[in-house]
Amino acid sequence: MDYKLVGKDFTPPDVVAKVTGRAKYTEDFRAEGMLFLKLFLSPLPHARVTRIDASDALKMKGVVAVMTADDLPKIDPPDNTMLTNEPVYFGQPILAVAATDEDTATNAVEMIKVDLQPLPFVMDPLESLYPGGPDAQSNGNVSSDTVKLQTVKWKAQDFAAAREGQLPMGTASEEWSYGDLEAGFAAAKVVLDEVFVTASYSHMSQETRSAMAYWQNGKCYVHGSCQSLTNAVPGLARYIGIDPSQLVFIAEYCGGGFGSKGSAYPTMALPAHMSKKTGRPVMWRASRAEEYYVGSGRAGYQGRVKIGFRADGRITALDLYIVQDCGATTGYTDYQAAGACVSILYQPLAMRWRGIPVLTSTPSKGAQRGPGQNQMAPAIEPIIDKAARQLGLDRVAIRRINAPDSSGKVFDMRQKKLEPLTSAFQKEALDKGATLFNWEEKKKMSGQRKGSKVIGVGVGQCYHGGGSSGFDGLVRITPDGKLHIHNGVGNLGTYSYAGTARVAAEVLNYRWDHCVIEFGNTGRHLPWNLGQYGSLTAYTESRTNFVAATDAKTKLLEIAAGQLGGTPDDYSLADERVVSKSDPSNPSKSLTYAKAAEIAIGLGGKYSGKELPNDINPITRRAAGALAGTGLIGVSKDNIKRTASVPSLVAVFAQIELDLETGKLRILDLAAVADCGTVLHPQSFHHQMNGGAVWGIGMATLERWVYDPEIGRPANRSFHTQKPPGWMDVSVDMKVDAVHAADPQNPVGVRGMGEPIMGGTASAILCAISDALGGHLFLRHPVLPDMILNAAAGKAQAHKPLAVNTQ
Amino acid sequence: MITDMMTPFELYQPSRVDDALALLNRYDKDAWKLAGGNDSFDWFKDRIKRPRAVIDLNGIAELKGVRETADGIEIGALTTLAEIARNPLVRQKYGLLADAARKVGSPQIRNSGTLGGNVAQDTRCWYYRDGLPCHRAGGNTCYASRPTSMNREHAIFGANRCMAVNASDTAPALVALEAKMVIRNPQGERVVEAKDFFIGPSVDITRMTILTPKDLLSAIRIPSKFANAQFYFEKVSDREAFDFALVNVASATIVKGGVIEQSSIACGGVESVPRHLKVVEDVARGERQNDATAKLVGQAAVRGAAPLNYNQFKIVLMQNLVARAIRGA
């Protein structure tokens, strides 16, 4: 399809502000009389607050107020709290102080005496599942979004039945299956049964959590560091205890969220509560270490997978069990996504998935870039390589034979069944990637040794959902002829809010410099959109912008017909005019958009937004209602048919050099091909592919939480101890491409692409490490220099096979 | 539990060494000497160290720069690591130190970090840096040596109620180059060998160097003994930048006709001091510079190592690095 804007590079409107420093992030805002808020964090991993004495602090000059959990709406465990009287992890906020400056607030926090009664705590899910094991919450140890808080203890026999290093498998809290698993294993030529461990770790957003709030004319104004915008409004309003219509939410820029700021988070509401208590604006900004505690983390797994392979590599049966480390609160559904990821990547002929989400005394786990899929694929892909070796198959070929095409399926946890795909071209992604990387030649270098250095090559894949539907679009043509594209999705930094806006301009045949994107502030009247997460924006909001623009187009044609005679079908759009199809160059048979907007205002009704569709969300209704009478309003719910699940897939190839004397890895080559439909914005696509690959390198080789299990404290609460990769760790000229096959269920053919590149890269790197070591499986990630050294020297690893939150 | 918010202190910014010494004399234990700040600000922001007076040494010109002397060079303690890494004099004759300086932290850290600060920095044991009341912090336990401790980065030598290691990259290089540390205090000046400058917990568990509160490290002198020798510096850390060494090695070797006439070698990240490997020097002396000798000295280097639960790999790593140093690659 030949587009004027879609698939072309452009400069998103916020880029200049960012590179010149003009962009204002949450902590850059100030308001008259503003107070600063500081937190008192729990010094214990689990305790009960028995007494708080803030009298000395309140006597200090400049201290205005102290707030505790008792001042706030009650949040039932295991949901994450704003403040708490029962901290369930080291660093959880217990109380907040507001003072005229941050130094005073900090000094005041130190003056407050908090008596704590220590309670049992636990760092390892399996320890909590053992009979009599400690629980992270005083009333339970198992919970997730879909599993009610409960206490689960497996039987000692479950543990005894697992041999040393094998995952015990007691009763799962959820499971699904399809096909005949036993028959599948019986028909297999090779059956592998392996355990694996994946690490929990922080998001490491450059901008720490921050929020500033004040109340004015019955409304609460909140500046918050957030990936999303209108989607965050209901949740934030709930934390504050107000109706969404009373909230003005401003989040124009976000210095990284990676899932941790996908929606409203509890601490974002603290300044609003403190502002209400004090009657003054309140600012809170987390320090780097505080971000580590009140931020979020990826959920780690302890898992076991049994896979049966036919002689040609086809997977006949796959049995997956995941014990998830949820952190101390509700956690996230990574463990469920792991099952879906495996089901689509390998299309097993029969499959069973079981999972149990277990609470540990560590910070809340939330969505982190490809939550579930991105840690799953790198755990299982090296095991696929083991089968390829045993079967004498090429490693691309064994993936290709199992890879989904458009007839493929993915298991949908909510619907409890295999769902069809809108389209999938993973075989093409593997083929194209193999060519881009020159796999046939490169694989000959596998195991080549030069001094202490050995070459490894690997291929990896990953999946994430790539689109949703059912949200609202809102555009407005003003009498000056400009198109205002109201985008409520948020701006986490991928520029997809702008890329998707161009779909509206494309539909209306607009010049891009005549378009204005309205974003970043509900005061700009933004529609109900999906949150900006989950690789979903490109697909989902290209649809909302398409339907809103299509509604505007219909109205333009109707107005022209009404003014100039004939029917709407007699007219079309060209050069920001409505023109007669039969006589397009006749000025008397045409209307400028500017004129049409004027007429729309005069006509009122649906044309000017006075009448609105019934099926739009109340947030969109309020936004469109506020704009009514200011131009021609295009507004619609995305009712475009979607009959299948939208996949985003990737194939990644890596060549590495491993120094067996130092355990150090150097990436020599990296190539990736995404199966993501039409590429909406090539520059954004490239920076997502590159950035996601950096994340993958971090996941594969560096990042993890380390906790001392005896004192329950983290060893890493800073950039230099958490160790996200630096550019010297990732300095490789990565080759990037896409399959470029348009998706049939998106009006411009796009699917999302931001997440799976991370898991695909981690998979490729880990497979390459394993390849360099002659097929050695670490069965955990990250793989650090000490692990490589131990493996190369034939020594035992320091960690126990199933240990988590460990070194 | 409060981070990223310093407690207030009196800030002094003297422009002469004598003024700095007078301030140290006045405030004694309550004074904090500030060089590049990369170590200091961590302590301050975590509110674990709360000095009454901070003596910022950055304005003292006489503490900066590289000068040629009758027997080698003298480097002002406040000379930045970036300057040392690119200084022609250092690179030409004492490339070992330039290589080590270039491996510290990141460009930002090397631009602000100084040679004096790098060698005088405190240990990075995470338990200690977290403010826990361990032996080094004046308490009565070592959190890093319990059966469940997370001690991958800790010591394999010289434990004595403390398992912390010296984190400096330049310190082993200075030990290998047999550098002399020039120390001034209100009483005068003294010069000590680099290997005696660093002290372990058996000498004083609360300090990493012999510097007392009134002492100021003013300069580092590198004798010409190893000028233009065969140098080897290697640092292995998890990340290529902005990371501390798991183990590093610095060596200066004089080879004549393929035979090792003399070598001087030290390792960091394995003990609370840069570990001067005299045993390696003895084993290597008079041997041919080849793989067999490298293997031999590697084995010699790690004799007596006593690993903890998570740091056994350091034995292999140190053995390999020492072998590489003697092999020359």
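**Group meeting: chains A and B**

Okay, let's start where the two chains meet: 28 residues of chain B are in contact with 37 residues of chain A. On the chain B side, the top contributor is helix H13, residues 313–327, which puts in five residues. If you sort that side of chain B by class, you get 13 nonpolar residues, nine charged and six polar. And before I go on, please keep in mind that this is a predicted model.

Now, chain A by itself. The domain assignment splits chain A into domain 1 at 31–119, domain 2 at 297–467 plus 644–792, and domain 3 at 468–637. So how do domains 1 and 2 of chain A sit relative to each other? Their centres, taken over C-alpha atoms, are 41 Å apart. They do touch, though: nine residues of domain 1 of chain A are in contact with twelve of domain 2 of chain A. The domain 1 side of that contact is made of five nonpolar residues, three polar ones and one charged.

Next up, the interior. The largest nonpolar core has 366 residues. Which residues have the most contacts inside this core? From chain A we have A:Leu37, A:Ala98, A:Leu236 and A:Ala672, and from chain B we have B:Leu97 and B:Val322. Helix H16 of chain A, residues 537–564, supplies the largest share of this core, with eleven residues.

Let me zoom in on B:Val322 to finish. Leaving out anything up to four places away in sequence, B:Val322 touches B:Val249, B:Ile265, B:Cys267, B:Leu277, B:Val280, B:Val297, B:Gly298 and B:Ala301. That's it from me.

Notes. Residues numbered from 1 in each chain as written. Chains lettered and ligands numbered in written order. Predicted model: local features only at pLDDT ≥ 70, side-chain atom pairs only at ≥ 80, totals over all residues. Contact = placed C-beta atoms within 7 Å. Helix = DSSP H or I, 4+ residues; strand = E, 2+ residues; numbered from the N terminus. Nonpolar A, V, L, I, M, F, W, Y, C, P; charged D, E, K, R; others polar. Domains from an automatic or database assignment. Core = buried A, V, L, I, M, F, W, Y, C linked by C-beta atoms within 7 Å. Buried ≥ 20, exposed ≤ 12 C-beta atoms within 10 Å, placed from the backbone.
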